[in-house]
Amino acid sequence: MTPVFRHGRLRLYLLRLLDEEPRHGYEVIRLLRDRFMGVYAPSPGTIYPRLARLEEEGLVTHDEENGRKVYRITEAGREELRSRGDEIDELEEELSASVSDIVREVREDVRDTVRSLREELTRAAREMRGAERDAREQAREQTRAARESAREAADAARDRARQAREQAREQARQAREEAFAHAHRLREEASRLRDTSKDQWGGWGNWGEWSRWSEWAGRSSRSGWPGQHDLGALRDFERLARDFVTDLRSVAWDSGTILGTDVIPTLRDILADTLDRIREEVFEIHHDEPDEDSAPPPPSDAPAPAEPPAGAQPPAAAEPPADTAPPADTAPPADTEPPGAAEPPVK
Amino acid sequence: MTHWTVDAPTALEFDEVTELNVRLIDGTVAVLASADRPSLAVSELYGRPLHVSHADGILTVSYESLSWDGLLGFLKPRKDKAVVTITVPADCPIQLGVLSASAVVAGLHAGAAVKGMSGDITLDGVTGDVSAETMSGEVAGCDIDGEIRFKSMSGGLTLAGGSVGTLTVDTLSGQVTADVSLHESGSVRVSTMSGEVTLRLPADSDAQVSLRSTSGAVRTEFETLRTVKAPASHTVSGNVGAGSGHVSVTTMSGAVTLLRGAPVGMESKTQ
């Protein structure tokens, strides 16, 4: 707070207080404090010397009352006050201004405190939000990473699934081809049989294919194709052929090398050789008969270059052990050899 | 009963004031606690004269036909302006009604009731039952201690320091900022429409907390509280300490932040 009394003003104010009525020094001090709402409390050390000074100047005098000094203004003092009336008014104004200073101070004080508090809390809240945002950011980052790896895993899984599907489709295709080939062969067989039966029994040509087939299949004693003694043998034959295809494929797959177009001719040669061997070694005896018809050999060649070699093995292992036991023994090695031979070029 | 019609700057003193009522339109009214003789100083005055009456210790400062109850309906623009400074004993209860005038109350210990329109209200070191009601005026309080009620339309409330037994705040769009401690089993209840609420309680507070905002964000620094986010409500609730006190904040669209201040035991962090 600014000094309440400018130079010489306190002296004037003391005179004014004593002009109202005679007062103890203590009372003067209390009145001053009142005036300033306790904000300005002059000490006795300030007031008594001043009163003594005023007395020296003859502006105030004092009486002893119960051992205490009671100060009263003198005529000279009143004269002094009158001559400085303007200053007195000014002083009054200043004094009330100093009360409103208190008010202003209170208000500014509170306002400052409140403002700084608001700023502080806003900052704290913002920092908290910031920290929260960081945490969120981090969590988001983690989620992103997790999602990334999950996606990779999913991609890999999808790749695997696709491969499996392709493999399955490939197998299905193979199976279908086998089935076609099989059907074809059956048809060939049927027509050949029909021809023969026409030769032998004539009227059988009118029979439905199936009845003819079963009829034919039933004639196991006939020196026909070894594999076709009965349906079970036929199934074995087919399965062997399929197994071979599967084996062949897995050999190619396991080799890990890219299956280039250049290996295909080699393979085809090997398989063709194998087929020839099978034809000669396994089906030799019976070949003569079908050959008469000239129909079976080309089809058995044409539909599946890869199959007959495989198919050659099953008949050997399957039903006709009696008929074709020796060739069956020779067939497998012949059979397994070609793929084995096919492997190196693949690798 | 003594009556004055004040039409010029004046200073008055009274023997005893046990209750104070002031109604002002524009200007400033300041009430300070003082151990000395109660006084009233009118330092500025424009427009109609002020009526001052003193009867049975009840000091009333008002204009003609401006009562406490009809205060907020008194909306006609006025040119009546006064700057009034009053000192009363600290234990004197006061009632202030101001339209656009601002009010300052300092050091009183028997509570204060202040109603305002657009004027700012400043409270410093006031204890007891304190109620402040305003339309658009801001209310700022330092070191308020006791039962505090605040109500406003758009006016905000800021409490810096102090300790509350109950703090009840109702505002539409006013911003509420409070850094206070709670009495034992004290309660804070704040409700706003869009006003943002920022509270800071000492870390060693003891209260059951429930902060809710329909569309605003709700955050807290107290780790013991639980956050529940639902589509149309964001809630933070739980206990701080043993939960003997009560803190509840409800808002429609305002954000709510509950900060953790220094424990009461080790004050002096702020200010």
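Before opening the model I wrote down the rule I would need, namely that a residue is buried if 20 or more other C-beta atoms lie within 10 Å of its own, exposed if 12 or fewer, and partly exposed in between. I also noted that this is a predicted model.

**Entry 1: two aspartates in chain B**

I looked up B:Asp143 and found that its phi is positive, about 50°, although the residue is not a glycine. I placed B:Asp143 in strand 14 of chain B, which covers residues 139-152. Is B:Asp143 buried, exposed or partly exposed? I found 19 C-beta neighbours inside 10 Å, so B:Asp143 counts as partly exposed.

I then turned to B:Asp56, where phi is near 50°, again a positive value in a residue other than glycine. I located B:Asp56 in the loop that runs between strand 6 (50-55) and strand 7 (58-62) of chain B. Because 8 other C-beta atoms lie within 10 Å, I recorded B:Asp56 as exposed.

**Entry 2: the nonpolar cores**

Which residues touch the most other members of the largest nonpolar core? I found that this core has 80 residues, and that the ones touching the most other members are B:Leu20, B:Val29, B:Val31, B:Val84, B:Ile94, B:Ala103 and B:Val105. I noted that helix 5 of chain A (residues 85-201) gives the most to this core, with 8 residues. I also saw that at least three residues of this core come from each of domain 1 (1-117) and domain 2 (138-271) of chain B.

I followed B:Val105 further and, leaving aside its neighbours within four places in sequence, listed its contacts as B:Val31, B:Ile94, B:Ala112, B:Val114, B:Leu123 and B:Val126. I then recorded a second, separate core of 12 residues, with A:Leu15, A:Val28, A:Val60 and A:Tyr71 among them. For background I wrote that in soluble globular proteins nonpolar side chains tend to be buried together.

**Entry 3: helix 1 of chain A and its partners**

I took helix 1 of chain A (residues 9-20) with helix 4 of chain A (residues 75-83), and found that their axes come within 10 Å and cross at roughly 120°. I therefore entered helix 1 and helix 4 of chain A as oblique to each other, and I noted that their crossing is left-handed. I listed A:Leu15, A:Arg16 and A:Asp19 on the helix 1 side, meeting A:Gly77, A:Arg78, A:Glu80 and A:Leu81 in helix 4 of chain A.

I next checked helix 1 against helix 3 of chain A (residues 44-57), which pack at an angle of about 75° with their axes 11 Å apart. I accordingly entered helix 1 of chain A as roughly perpendicular to helix 3 of chain A. Here A:Leu10, A:Arg11, A:Leu14 and A:Leu15 in helix 1 meet A:Arg50, A:Leu51 and A:Leu54 in helix 3 of chain A.

**Entry 4: chain A and where it touches chain B**

I recorded 12 helices and 3 strands in chain A, and I noted that 26% of its 347 residues count as buried. Among contacts in chain A between residues at least 6 apart in sequence, I found that 68% join residues at least 24 apart.

How many residues of chain A are in contact with chain B? I found 24 residues of chain A in contact with 29 residues of chain B. On the side of chain A that touches chain B, helix 2 (25-35) and helix 5 of chain A each supply at least two residues. I noted that the largest share of that side, 20 residues, comes from helix 5 of chain A.

Terms used: Residues numbered from 1 in each chain as written. Chains lettered and ligands numbered in written order. Predicted model: local features only at pLDDT ≥ 70, side-chain atom pairs only at ≥ 80, totals over all residues. Core = buried A, V, L, I, M, F, W, Y, C linked by C-beta atoms within 7 Å. Helix = DSSP H or I, 4+ residues; strand = E, 2+ residues; numbered from the N terminus. Domains from an automatic or database assignment. Contact = placed C-beta atoms within 7 Å. Axes fitted to C-alpha atoms, helices over the stretch in contact; angles between N-to-C directions. Parallel < 35°, antiparallel > 145°, perpendicular 65-115°, else oblique. Left-handed = near helix turned anticlockwise from the far one by under 90°.
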